[in-house]
Amino acid sequence: MDVPADLALVSIDMEKYSQIPEARMAAARSDVDDVIANVLAECQLPAPQDLPGGHKDTGDGAILLFPPSVLARLVDPLLGRLNAALVRYEQRRLASSPVLRLRASVHVGPLSLPDHHGNAINDTTRLLDSQATRQALSAAKDSGAFLAAALSEIVYQRAVHAGRTPALGPHHFLEAVARVSDKPGFEQPCRIHVPGLTAPALRPYLTEAAPPTAAPSSTAQPSDVPATPFASSGGTFQFHGQVNDPTIANSIETLRIDRRQR
C-alpha cells in the first residue's frame, strides 16, 4: 500500500481549560484561536484551513496541519512569537478572563486526509500530553513565559540540528523522554523548549530529562597512556601549588606525576 504524504503537525492545548467556568469557555477558546491565527499570519505560514481536514478541533485546543516544507518555521519563529503574543494578551487581560497558557507539540509524518488516519497524529497528541511537556509548563510559569513545547526527534533533527532555526540553537532544547501515564506503550525521545529558557534552566523541572552529556575531557585515557613510563610521547603536567580546580582535582588520580629533574 502507498504511504501517505508527510505533513507537519502542531498540536495546541490550553492549560486548565476544564476549570474555566462554562459560561466563559467559548470566549477563552475564541481568544486562543485569534492569537494563533494572528501569529500564523505574522510568521507567513499558510492557514491550516486551506488543507482539507487541516484544522482538527480538540475542544480545549486544536491540531493544525501544514505542508512539510514549512516545518522549520513551526519551530522558529512560531514558538517564540506565540509566546510573545500570549505575554501581550496577559498584559491587557481583564481580571474576569482566565490566564492563557498553552502546551504545544510539533511533529512530522505520513498522514492521510481528511480522515487523519496515521500514527503521526497520535504521536503528536501524546507528545503534547507527555509528562515532560506538562512539567515544562511549570518552568514557563516560573520564568514568566506562557508556552511549553515538545518537538519530536525528527523535527529537532530536520529543523534545529540542521541549522534552519536562526534564533534557536541546540542549547534552547532539553533532550527528554516523552511518556504518558495512561499510554504505557508510548515512549519516545523528544526535545523540550520554553521560550526564553536554555536547556540547563529547564533540567531541574523535568524528571524525564536525559542525562547531561559529559564535556570532552583533556585527561589522557588508559589507552592513551604510553606503555613505557615517562615515554617521550607522553604529556607532562606541571602544578606549582595546591590543585583547587575541581575538574583537575577530581581527575588527578588518572595523571602520572613526574618529579624528576630533566
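Here are a few exercises with worked solutions on the predicted model shown above.

**Exercise 1. Get your bearings**

Work out how many helices and strands the chain has, and in what order the elements run from the N terminus.

Solution.
- Start with the tally: the chain has seven helices and seven strands.
- Now walk along from the N terminus, and you'll read β-α-β-β-α-β-α-α-β-α-β-β-α-α.
- Next, look at burial: of the 262 residues in the chain, 41% are buried.
- Last, take the contacts with a separation of 6 or more: 72% of them join residues 24 or more positions apart.

**Exercise 2. Check the confidence**

Find the mean pLDDT of the chain, then pick out stretches where pLDDT drops under 50.

Solution.
- The chain averages a pLDDT of 85, with 81% of its residues at 70 or more.
- One weak stretch is residues 215-236, where pLDDT stays under 50. The model still gives this stretch 15 contacts beyond four places in sequence.
- Another is residues 246-262, again with pLDDT below 50. Here the model has 18 contacts beyond near neighbours in sequence.

**Exercise 3. Two helices that cross**

Describe how helix α1 and helix α2 meet: at what angle do their axes cross, and which residues touch?

Solution.
- Locate the helices first: α1 covers residues 22-42 and α2 covers residues 78-92.
- Their axes come within 10 Å and cross at roughly 135°.
- An angle between 115 and 145 degrees falls in the oblique class, so α1 and α2 are oblique to each other.
- As for handedness, the crossing of α1 and α2 is right-handed.
- Now list the partners. From α1 come D31, V35, I36, V39, L40 and E42, and they meet L78, R81, L82, A85, L86, R88 and Y89 of α2.
- Sort these contact residues by type and you get nine nonpolar, four charged and no polar.

**Exercise 4. Cis peptide bonds**

Take the peptide bonds from D76 to P77 and from L113 to P114: are they cis or trans?

Solution.
- Keep the general rule in mind: most peptide bonds are trans.
- The D76 to P77 bond is cis, with omega near 25°. P77 sits in the loop between β3 (61-66) and α2.
- The L113 to P114 bond is cis, with omega near 5°. P114 belongs to the loop between β4 and α3.
- Stay with L113 for a moment. You'll find L113 in the loop between β4 (102-110) and α3 (119-129).
- L113 has a relative accessible area of 29%, so it counts as partly exposed.
- Leaving out residues up to four places away in sequence, L113 touches L7, P52, G53 and L65.
- Zoom in on P52: its C-alpha atom is 6.6 Å from that of L113, though the two are 61 residues apart along the chain.

**Exercise 5. Positive phi without glycine**

Look at K16 and Q44: what is phi for K16, and what is phi for Q44?

Solution.
- The background first: most residues other than glycine have a negative phi.
- K16 isn't a glycine, yet its phi is positive, at about 55°. K16 is in the loop between β1 (6-14) and α1.
- With a relative accessibility of 47%, K16 is partly exposed.
- Q44 also has a positive phi, near 55°, and is a residue other than glycine. Q44 is in the loop between α1 and β2 (55-57).
- The relative accessible area of Q44 is 65%, so Q44 is exposed.

**Exercise 6. Buried or exposed?**

Decide whether A149 is buried or exposed, then do the same for S181.

Solution.
- A149 is part of strand β5 (residues 147-152).
- The relative accessible area of A149 is 1%; buried means under 20%, so A149 is buried.
- Setting aside residues up to four places away in sequence, A149 touches L79, A104, R191, I192 and H193.
- The C-alpha atoms of A149 and L102 are 8.4 Å apart, with their positions 47 residues apart along the chain.
- Turn to S181, in the loop between β6 (174-180) and β7 (183-193).
- S181 has a relative accessible area of 80%; exposed means over 50%, so S181 is exposed.
- Finally, the C-alpha atoms of S181 and S130 are separated by 7.8 Å, while the two residues are 51 residues apart along the chain.

Technical notes: Residues numbered from 1 in each chain as written. Predicted model: local features only at pLDDT ≥ 70, side-chain atom pairs only at ≥ 80, totals over all residues. Heavy atoms only, no water. Axes fitted to C-alpha atoms, helices over the stretch in contact; angles between N-to-C directions. Helix = DSSP H or I, 4+ residues; strand = E, 2+ residues; numbered from the N terminus. Parallel < 35°, antiparallel > 145°, perpendicular 65-115°, else oblique. Left-handed = near helix turned anticlockwise from the far one by under 90°. Contact = heavy atoms within 4.5 Å. Nonpolar A, V, L, I, M, F, W, Y, C, P; charged D, E, K, R; others polar. pLDDT = per-residue confidence, 0-100. Buried < 20%, exposed > 50% of the residue type's maximum accessible area, 1.4 Å probe, protein only.
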